[in-house]
Amino acid sequence: MIRATRSRSLWLRLTVLATLAITVTVAVATAVLVATLVSSVRSNVTTTLNTYAESVAHSAVDGRWPTPLPPAPGDPGMWAQVVDSSGRVLAATQNVAGRPAMYMLTAGSTSPKPSPTLVGHGDEQVVAQRYVAGSTPVVVYAGGPTRLLSILTSDIRGHLLYTVPLVLLGAIGISWLLIGRTLRPVEHMRAEAAEITGSGLHRRIPEPDSDDEIGRLARTLNTMLGRLEDSAARQRRFVADASHELRTPVTAIRTTLEVGLAHPDQAPWPELATRATAEAARLQRLVDALLVLARADDDTLIGRREPVDLGRLARTVVDAAPARLPVEIDALPGIKVLGDADQLTRLIRNLLDNADSHADSWVRLTVAEAEPDTVVLEVADDGPGIAPADQERVFDRFVRVQAARDRKSGATAGTGLGLSIARDIVTAHGGTITVDDTHPRDENRSGAKFTVRLPIAGR
Ligand code: ADP
């Protein structure tokens with residue numbers, strides 16, 4: 001039953017919980033109220049009886065008691081007996097005239113006990129007071145039926161029998177309505193969220209005006225939808241750009257081969273094959289770059305993290321591949337970063353390739369330590385440089401800047417992905433990459449200077 005309730009509705013569960021809480025509270029409050037009322041009435045009766053006993057004691061004149069004793073004013077049910085130390089009744093009110101002593105008081109005690117001869121006197125409250133009348137020590141007993149108490153108790157019981165269930169029913173009804181009202185926005189949010197699909201990420205769930213948990217949940221979910229929408233839009237753009245880039249070499253290869261096949265006997269096959277191979281190489285570069293970016297998006301770009309000596313790695317990269325221009329190196333060995341040597345190699349390779357294709361006469365690579373606990377790798381050249389307006393966007397995917405002396409064109413044209421891969425690698429290593437002018441204060445000289453900052457390992 002509990003499981004069924006749990007799975008069906010939060011509304012029902014909360015109402016059941018509220019009902020339980022209200023029932024316990026009403027039960028405890030009622031018990032405390034009844035106990036307080038009963039004890040207050042009981043102490044009232046005791047005070048009245050004591051006052052009556054006192055007035056009886058003062059009714060003795062020269063040690064003689066009036067017969068019968070004066071009745072209690074306003075309450076004919078009350079009685080009084082004056083008993084001497086041997087248990088003889090010296091005087092009594094009319095309503096208990098002729099009866100033996102009904103109560104006794106043991107030595108040292110102030111609370112009277114029923115005497116063995118007392119039968120059928122019902123529920124009553126009794127007080128006892130010691131006096132000396134003339135020279136005779138006596139005890140004045142005054143008592144009365146606890147009618148008031150029983151009336152009160154039965155009255156309360158009668159009222160509670162009707163009012164408590166009514167109050168509880170009312171409380172359950174109000175809880176049901178209030179909880180339903182509170183949860184209504186959640187149901188609206190759920191219904192709207194159920195209709196949002198991958199293609200409807202521009203939609204938002206309704207946000208209640210309140211600044212409570214439900215309002216905050218709605219706002220958080222909408223912020224999340226916003227991020228999902230942005231990310232889906234980026235993915236769509238990326239797929240469109242990638243398809244567009246892939247189409248160019250594929251079309252070139254196909255056209256080249258179709259030209260040859262149109263006149264197979266006269267076609268310059270070695271020349272066509274060279275052109276197709278160059279386009280295939282470009283296709284391969286693109287696919288490789290796309291795979292690297294896909295891994296970066298998946299956060300799986302970095303395989304093993306190990307201490308890598310960045311200066312030594314830079315020298316190895318320079319020595320490994322022949323370049324158009326010699327590279328001037330100023331790299332201190334011994335500065336280590338924690339990372340993936342293959343990806344760091346790819347980063348340096350991309351920056352050096354770019355510098356080599358854009359530089360006029362020199363390329364310089366430096367690795368040095370900087371505050372705080374950072375290694376700085378710079379690749380600078382004396383090429384055309386990158387205009388300030390493009391210095392941020394060159395790191396975006398598929399962005400190419402048309403430089404005046406761009407040496408990459410046709411099948412050797414760049415993919416526009418080298419710098420975004422470089423940025424993904426640096427970011428995955430907890431660093432930053434920026435580009436600046438090689439000679440920022442000299443208007444006559446240009447050049448691009450890429451600066452990579454990475455945290456030094458183990459500090
Ligand atoms: P690509 O494969 O086209 O070189 P990149 O992402 O590596 O793509 O570079 C993006 C653009 O930034 C390039 O099109 C180029 O115009 C510009 N760029 C990169 N490096 C340099 C540099 N050292 N000097 C001048 N321009 C550069």
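Q: Is R190 buried, partly exposed or exposed in this predicted model?
A: Burial is read from relative accessible area, and the partly exposed class lies between 20% and 50%. R190 has a value of 48%, so R190 is partly exposed.

Q: Which residue forms a salt bridge with R190?
A: Side chains of opposite charge can pair when their charged atoms come close. In this structure the partner of R190 is E187, with 2.9 Å between the closest N and O atoms. E187 is also partly exposed, because its relative accessible area is 42%.

Q: Where do R190 and E187 lie in the chain?
A: Both belong to helix 3, which covers residues 147-195. They are three residues apart, about one turn of the helix.

Q: Is D309, which forms a salt bridge with R312, buried or exposed?
A: Each partner has to be read separately. D309 has a relative accessibility of 12%, under the 20% cut-off, and therefore counts as buried. R312 stands at 53%, over the 50% cut-off, so R312 counts as exposed. The closest N and O atoms of this pair are 3.5 Å apart.

Q: What is the N to O distance between R393 and D390?
A: Their side chains meet in a salt bridge at 3.0 Å. D390 is buried, with a relative accessible area of 14%, while R393 counts as partly exposed at 37%.

Q: Which residues are joined into one network by salt bridges that share partners?
A: The network consists of E192, E195 and R203.

Q: How many salt bridges does the count come to?
A: The count is 16, taking a side-chain nitrogen of Lys or Arg within 4 Å of a carboxyl oxygen of Asp or Glu.

Q: What is the volume of the second largest pocket?
A: Rolling a probe the size of a water molecule over the atoms shows where empty space is left. For the second largest pocket, the volume is about 290 Å³.

Q: Which helix gives the most to the lining of that pocket?
A: Helix 4, residues 213-262, contributes six residues. The full lining is S231, R234, Q235, R237, F238, D241, D297, D396, R397, F398 and R423.

Q: How many residues of each class are in the lining of the second largest pocket?
A: Seven are charged, two are polar and two are nonpolar.

Q: Where does the second largest pocket lie with respect to the domains?
A: Domain 3 (213-295) and domain 4 (301-455) both give residues to the lining, so the pocket lies between them.

Definitions and conventions:
Residues are numbered from 1 along each chain as its sequence is written. This is a predicted model: local features need pLDDT of at least 70, side-chain atom pairs count only at pLDDT 80 or more; totals for chains, interfaces and linings use all residues. Side-chain values use heavy atoms; hydrogens and water are left out. Helices (H or I, at least four residues) and strands (E, at least two) are DSSP runs, numbered from the N terminus. Buried means under 20% relative accessible area, exposed over 50%, partly exposed in between (1.4 Å probe, protein chains only). On a 1 Å grid over the protein atoms alone, a cavity is a set of points where a 1.4 Å probe fits but cannot get out, and a pocket is an open set with protein on both sides within 12 Å along at least five of seven lines; lining residues have an atom within 4 Å of a point. Grid points are joined across faces, edges and corners, and a volume is the space filled by probe spheres set on the points. Ala, Val, Leu, Ile, Met, Phe, Trp, Tyr, Cys and Pro count as nonpolar, Asp, Glu, Lys and Arg as charged, and the others, Gly among them, as polar. Domain bounds come from an automatic or database domain assignment.
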